[in-house]
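Please open the model in your viewer and set it to show side chains as sticks over a cartoon. The stops below say what to select next and what is to be found there.

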Amino acid sequence: MSLARVQHVSVSLDGFATGEGQSPEAPFGHAGERLHEWMFATRWGRRMLRQAGGSEGIDDAFLRLFTPGVGAEIMGAGKFGPPGWHEDPDYKGAWGPNPPFHTPVFVLTHHPRPSIEMEGGTTFHFIDASPADALARAREAAGGLDVRIGGGPSMIRDFLTAGLIDHMHIVVVPILLGRGVRLWDGLEGLEKEYEIEAVSTPSGVTHLTFGRR
């Protein structure tokens with residue numbers, strides 16, 4: 001069976017995966033881009049921004065695992081857009097006409113709308129479903145490939161609580177945010193269910209990989 005996997009989600013030292021006060025101008029709230037500076041310094045990250053250069057090495061190697069083997073993504077409403085996006089019938093996400101997913105993407109929302117087909121193979125499907133039902137639909141669309149559980153942190157926490165995550169890559173960034181949305185709240189003892197490995201890098205971040213026991 002295909003795996004349900006989380007990939008390179010960044011969290012602060014105090015466990016926040018996004019800051020407080022999200023808006024169209026500040027998708028990660030008061031955190032700004034501090035959670036993702038490590039990513040945009042790499043060759044992979046620069047290419048995503050359509051820029052040249054960037055570092056190679058461990059950070060870049062982890063990021064290059066984003067696409068291979070993934071046939072669909074599930075994301076929460078908060079990742080698709082800032083609060084209130086569902087009130088704009090023309091809103092198509094924050095990634096422009098050619099989003100980086102290139103697969104079917106299932107957006108979990110209490111405000112379903114017709115699917116949107118984008119350039120590059122991405123089609124957004126808007127569904128109101130439980131984690132288990134959403135995963136079943138995404139696996140069917142993935143055609144035997146893995147399903148990426150794309151976030152944000154509240155949605156990942158729901159999938160972890162339901163016992164649906166097979167593999168997870170979390171990047172601990174050496175900053176303190178103090179407020180926002182935490183990833184780990186209510187998940188005490190989660191480490192018993194996974195084999196966990198840690199890799200430190202010259203950029204200062206630590207890559208944690210979780211594989212189901």
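The tour goes from the whole chain to its cores, then to the aromatic rings, and ends at one acidic residue.

This is a predicted model, in which local features need pLDDT of at least 70 and side-chain atom pairs count only at pLDDT 80 or more, whereas totals for chains, interfaces and linings use all residues. Residues are numbered from 1 along each chain as its sequence is written, and side-chain values use heavy atoms, with hydrogens and water left out.

**The whole chain.** Begin with the cartoon, which shows six helices and 11 strands; helices (H or I, at least four residues) and strands (E, at least two) are DSSP runs, numbered from the N terminus. The C-alpha trace spans about 45 × 40 × 30 Å along its principal axes. The radius of gyration is 16 Å, which agrees with the value near 17 Å for a compact globule of 213 residues; it is taken over C-alpha atoms, and the globule rule is 2.2 Å times the number of residues to the power 0.38. Of the 213 residues, 45% are buried, where buried means under 20% relative accessible area, exposed over 50% and partly exposed in between (1.4 Å probe, protein chains only).

**The cores.** Next select Ile74, Ile149, Phe159 and Met168, which touch the most other members of the largest nonpolar core, a set of 30 residues. Such a core is a set of buried Ala, Val, Leu, Ile, Met, Phe, Trp, Tyr and Cys residues joined through side-chain atoms within 4.5 Å. Among the elements that give two or more residues to this core are β1 (4–12), β3 (70–76) and β8 (167–173). Around Ile149, leaving aside neighbours within four places in sequence, the contacts (heavy atoms within 4.5 Å) include Val6, Ile74, Leu135 and Phe159. A second, separate core has 24 residues, including Met39, Trp44, Val107 and Leu177. Then move to helix α6 (residues 153–161), whose buried residues include Met155, Ile156 and Phe159; α6 is followed by Gly163, whose phi is positive, near 70°.

**The aromatic rings.** Now select Phe80, Trp85, Tyr91, Trp95, Phe101, Phe124 and Phe126, which form one aromatic cluster. How many aromatic pairs does the structure hold? There are 13, counting rings of Phe, Tyr and Trp (its six-membered ring) whose centres lie within 6.5 Å, with planes under 30 degrees apart called stacked, over 60 edge-to-face and the rest tilted. The rings of Trp95 and Phe124 are stacked, because their centres are 6.1 Å apart and their planes at 25°. Trp95 lies in the loop between α4 (77–80) and β4 (104–108) and Phe124 in strand β6 (residues 123–127), so this pair ties together parts that are 29 residues apart in sequence. Trp95 is partly exposed at 25% relative accessibility, whereas Phe124 is buried at 0%. Phe124 also forms an edge-to-face pair with Phe101, 6.3 Å centre to centre and with 75° between the planes.

Add two arginines: the charged end of Arg113 sits over the ring of Phe126, 5.7 Å from its centre, and that of Arg148 sits over the ring of Phe66 at 3.7 Å. The criterion is NZ of Lys or CZ of Arg within 6 Å of the ring centre and within 35 degrees of the ring normal.

**The last stop.** Finally, select Asp146 in strand β7 (residues 146–149). Is Asp146 buried or exposed? At 14% relative accessibility, Asp146 counts as buried. The side chain of Asp146 reaches the backbone nitrogen of Leu3 at 2.9 Å, and among the residues in contact with Asp146 are Ser2, Arg5 and Gly71.

Notes. Polar contact = N/O pair within 3.5 Å; in protein donor to acceptor, adjacent residues only side chain to side chain.
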